[in-house]
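Reader: I have a model open in front of me and do not know where to begin. Could you take me through how to read its features, one at a time?

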Amino acid sequence: MDLISSLSFGLFILLYLWVAYNIPILAIGVRRVLLSRPETERAEVKKSFNLPTMSIVVPARDEERVIGRLLDALLRLDYPPERKEIIIVEDDSNDKTPEICMTYAQQHPRLIKFYHRDVSKGKPSALNFGFRHAGGDVVAVFDADNVPEPDVLMKATRYFEDPSVAAVQGATAALNADESMLTKLISYEEAVWLRNYLQGKDALNLFVPLTGSCQFIRKNVAEEVGLWDENCLAEDLEMSARMTEMGYSTKFASNLVSWQEAPSKLSRLIMQRVRWYRGYMEVAIKYGRFLKRLEKKAFDAEITLLGPYVLTVFLLSHAISLYVFMFPSPDPFLSIMSRITLALTILTLLTVGIALIHATRPMRFRNILWLPFIYAYLSLQCVLTAYAFLQIVFRRPRSWVKTEKTGISTTLVSQKFRHSNRQTVAA
């Protein structure tokens, strides 16, 4: 076997192992979704007692288009006012964000704490600043473009009744899913990743990462692990890995829902994902020691962190398969591997297709028609992971690029907040 064949063999085997490991997790998540009973969840929430105090931290920079909508939603949360607080960390904005936030703080002085910072050091720094001013037993984090559902805090308390739970990650959904084909694809990606794949991880008691918003963490646990790493591009993921290393458990809660804006322009998506993927890759390097541990959650954490690297391998393996298809190779090994790669790709897409059918309520069989676009979208993600990998190889400077928000919504859940937000901005 020559060098090229040996390299191809290694790439193909890595890809096969990855798919073989993750397909069952996704399938179990889909099954869990099918068997879920929302009415049971609502009944259990009513039994909650001894509600913990909640501190809601909102980092905000140049968010005049969306911050009012979020604050309106937070004020409408179904939770005792005396047991919650809203902490806004306004991070050197250049628009009307400070004025909007200050207006809300003046109107609700007992509920909203407003802090302005003259120098922006990125979201992780803003989170740490807000956390140090939080007095709650549990700290919740919402991005400025979010619209959490009114019962999100009450439902979160059910999970924290279990003392072994250190953090809870809720589900996010695109509130502008119907704005364009791109936002629709992102909404389906969120549905498969959050409502199915993370469901499978949670069901198997594997690694559940924090994803940046609609997340809840016990204050004492966050203090013990050292808060967010301000030099990391994937600060929530890095904290999740640190918590796992210290033996703490994070639950995924599909019934904690917050709507948020998906990038509507390809340029914004590219900048966001390159930052995410580079962050993932750097955290994977940092916690490579997980592979040496004989604990399933730590091992699964590293496998999860290696995801972007595998997407890069996916790109290379498909390039090899395409080459073999166009220029048949006399090497039977490459031909066989190419066919296996095609079969596994089809199997993966079929599993994703089943997840897509059940991604909406009521379920829609026509969602499976999105599979060709999902494949094209996945191919784009593979290219972006390769670019992020090259940034690491050539040691390009890290840059925490903020994803711009427009305030556009195509879902009914946020319509009632839109008008009041525009009035506040106009003021």
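Author: Let us begin with the inside of this predicted model. In soluble globular proteins, nonpolar side chains tend to be buried together. Here the largest nonpolar core has 36 residues, and those with the most contacts inside it are Ile56, Ile67, Leu74, Phe142 and Phe216. The elements that give two or more residues to this core are β1 (54-60), α3 (67-75), β2 (84-91), α4 (97-107), β4 (138-141), α6 (152-160), β6 (165-174) and β8 (249-260).

Reader: Which element gives the largest share of this core?

Author: That is α6, from which 6 residues of the core come. There is also another core, lying apart from this one, with 27 residues, among them Ile25, Leu185, Leu198 and Leu269.

Reader: If I pick out Leu74, which residues does it touch beyond those up to four places away in sequence?

Author: Leaving out those sequence neighbours, Leu74 touches Ile56, Val58, Lys84, Ile86, Phe142 and Pro148. For the chain as a whole, 84% of the contacts with a separation of 6 or more are between residues 24 or more positions apart.

Reader: How should I read the strands, and in what order do they lie in the sheet?

Author: The chain has 15 helices and 8 strands. An open sheet of 8 strands has the order β3-β2-β1-β4-β7-β6-β8-β5, and its pairing is mixed. At the edges stand β3 (112-117) and β5 (147-148), each of which has a single partner strand, so one side of each is left without a neighbour in the sheet.

Reader: What does mixed pairing look like when I follow particular strands?

Author: Take β1 and β2, which pair in the parallel sense over 7 bridges; within this pairing, Met54 has Lys84 in β2 as its bridge partner. By contrast, β6 and strand β7 (residues 215-218) run antiparallel and are joined by 3 bridges, and the bridge partner of Val168 in β7 is Phe216.

Reader: Are the faces of β1 covered or open?

Author: In a regular strand the side chains alternate between the two faces of the sheet. In β1 both faces are covered, since Met54, Ile56, Val58 and Ala60 on one side and Ser55, Val57 and Pro59 on the other are all buried. Over the whole chain of 427 residues, 56% count as buried.

Reader: Now a helix: how many residues of α9 are buried?

Author: Helix α9 (residues 235-245) is mostly covered, with 10 of its 11 residues buried. Just after α9, Gly247 takes a positive phi of about 90°.

Reader: Glu238 belongs to that helix, so how should I judge whether it is buried or exposed?

Author: Compare its relative accessible area with the cut-off, which for a buried residue is under 20%; Glu238 has 1%, and therefore it is buried. Its side chain is joined to that of Lys286 by a polar contact of 2.8 Å. Beyond residues up to four places away in sequence, Glu238 touches Asp229, Cys232, Val283, Lys286 and Tyr287.

Reader: Cys232 is in that list, which makes me ask how many disulfides there are.

Author: A disulfide is a covalent bond between the sulfur atoms of two cysteines. To count one in a model, we look for a pair of cysteine sulfur atoms within 2.5 Å, and by this rule the count comes to 0 disulfides. As for their surroundings, Cys232 is buried, with a relative accessible area of 8%, and Cys101 is buried with a value of 0%.

Terms used: Residues are numbered from 1 along each chain as its sequence is written. This is a predicted model: local features need pLDDT of at least 70, side-chain atom pairs count only at pLDDT 80 or more; totals for chains, interfaces and linings use all residues. Side-chain values use heavy atoms; hydrogens and water are left out. Buried means under 20% relative accessible area, exposed over 50%, partly exposed in between (1.4 Å probe, protein chains only). Helices (H or I, at least four residues) and strands (E, at least two) are DSSP runs, numbered from the N terminus. A polar contact is a pair of N or O atoms within 3.5 Å; within protein, one must be able to donate a hydrogen and the other to accept it, and residues adjacent in sequence count only if both atoms are side-chain atoms. Contact means heavy atoms within 4.5 Å. A nonpolar core is a set of buried Ala, Val, Leu, Ile, Met, Phe, Trp, Tyr and Cys residues joined through side-chain atoms within 4.5 Å. Two strands pair if DSSP finds at least two bridges between them.
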